[in-house]
Amino acid sequence: IAYKEYLDGAYFGRTGTETLKAGTKQQYLRAVKQFFRWTATEKPPFYYPYICDNIHGAAVKHETFRKEALTLEETKILEDSIDRSSAQGKKLYAMILLATRRGLRTIELSRANVKDIHRKGGTVYIDIWGKGHDEPDATRALDPDVVAALEDYLQTRPDRKPGEPLFTSTSNRSKGQRIAPTTISSMGKAALVNAGFDSERLTFHSFRHTAGTMAVKNGDLFDAQIFLRHTDPKTTQIYTHVDALEKDTALTMKIYNAYHDSTGEAAQRQELISIVTTLDPAQLQQAAAYLRSLQPARV
């Protein structure tokens, strides 16, 4: 009890004003409880009773994001900012696309081998060695952009062999060896900063969050679970947070516009949008042509 109270009130920040986060306190407390669980199962002279009954830490919200996802527009800005004139740039571009489009983690990119990329019929697939597994355990399809990026990168390694790492290091001490997850993470962070996204909430893992958010937006929760290779649907549910936040933001602005729109313009625009969504392709072309005719001529 005294240790729990100590964690609740201790100041660990550099400024002396920061408290431990709930998740950190839970980890410290869990370690102590595990220790006493061990002492309680040992026989004398190591025996000590389990004294942690009814000792509970702070509630930790697992549905909230520790890292942010990129929007579709931000993802395009990031991709366009990468200089693909060098082998290093081609490699970085391919890794980022595998993360943003396919949701691969840094450890999964590091573990991938050349032979894990294979074609069946008209589709290219990747065998993924997932986190916590002893070998590749999932096969997933790759979209044409990812395939093109991989082909462009692999052309820089004409002597590659199937059993070699897909992504190799270029540093002097480990050149040609399997690239480390920490190196991948650093490269991704540098790319984010270079693209103008310098935020502590944006890291390489944000690319996987981006893939998860896009999966939720373009499918249902079950589709996203398969896409991200989650065993527990509760893990996938955290990606609905971003979608819900965007919907809430849009609704907030609609309400704001309603308060400040004395002419009814916002309602008319919304009505037009509702009508457009019901048109078939031929009607949509006619409507677009008519709307273009209403635009003022460019000088």
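Of the 299 residues in the chain, 30% are buried. The model is a predicted one. The accessible surface of the chain comes to about 19,800 Å², and carbon and sulfur atoms account for 54% of that surface. Among the contacts with a separation of 6 or more, 53% are between residues 24 or more positions apart.

The secondary structure of the chain consists of 13 helices and 3 strands. The pairing of the strands is set out below.

| Strand pair | Residues | Bridges | Direction |
|---|---|---|---|
| β1 and β2 | β1: residues 117-120 | 4 bridges | antiparallel |
| β2 and β3 | β3: residues 138-141 | 4 bridges | antiparallel |

Strand β2 thus pairs with β1 and with β3. In the pairing with β1, Tyr125 of β2 stands opposite His118. In the pairing with β3, Ile128 stands opposite Ala138.

β1 and β2 form a hairpin, with 2 residues between the strands. Gly121 lies in the turn and has a positive phi of about 65 degrees.

Which residues of strand β2 make up its covered face, and which its uncovered one? Val124, Ile126 and Ile128 are on the covered face of β2 (residues 123-128), while Thr123, Tyr125 and Asp127 are on the uncovered face. In a regular strand, side chains alternate between the two faces of the sheet.

The two opposite-standing residues of β2 named above fall on opposite faces: Tyr125 belongs to the uncovered face, and Ile128 to the covered one.

Note on methods:
Residues are numbered from 1 along each chain as its sequence is written. This is a predicted model: local features need pLDDT of at least 70, side-chain atom pairs count only at pLDDT 80 or more; totals for chains, interfaces and linings use all residues. Side-chain values use heavy atoms; hydrogens and water are left out. Buried means under 20% relative accessible area, exposed over 50%, partly exposed in between (1.4 Å probe, protein chains only). Contact means heavy atoms within 4.5 Å. Accessible areas come from the Shrake-Rupley method with a 1.4 Å probe; for residues, only the protein chains shown count as cover. Two strands pair if DSSP finds at least two bridges between them.
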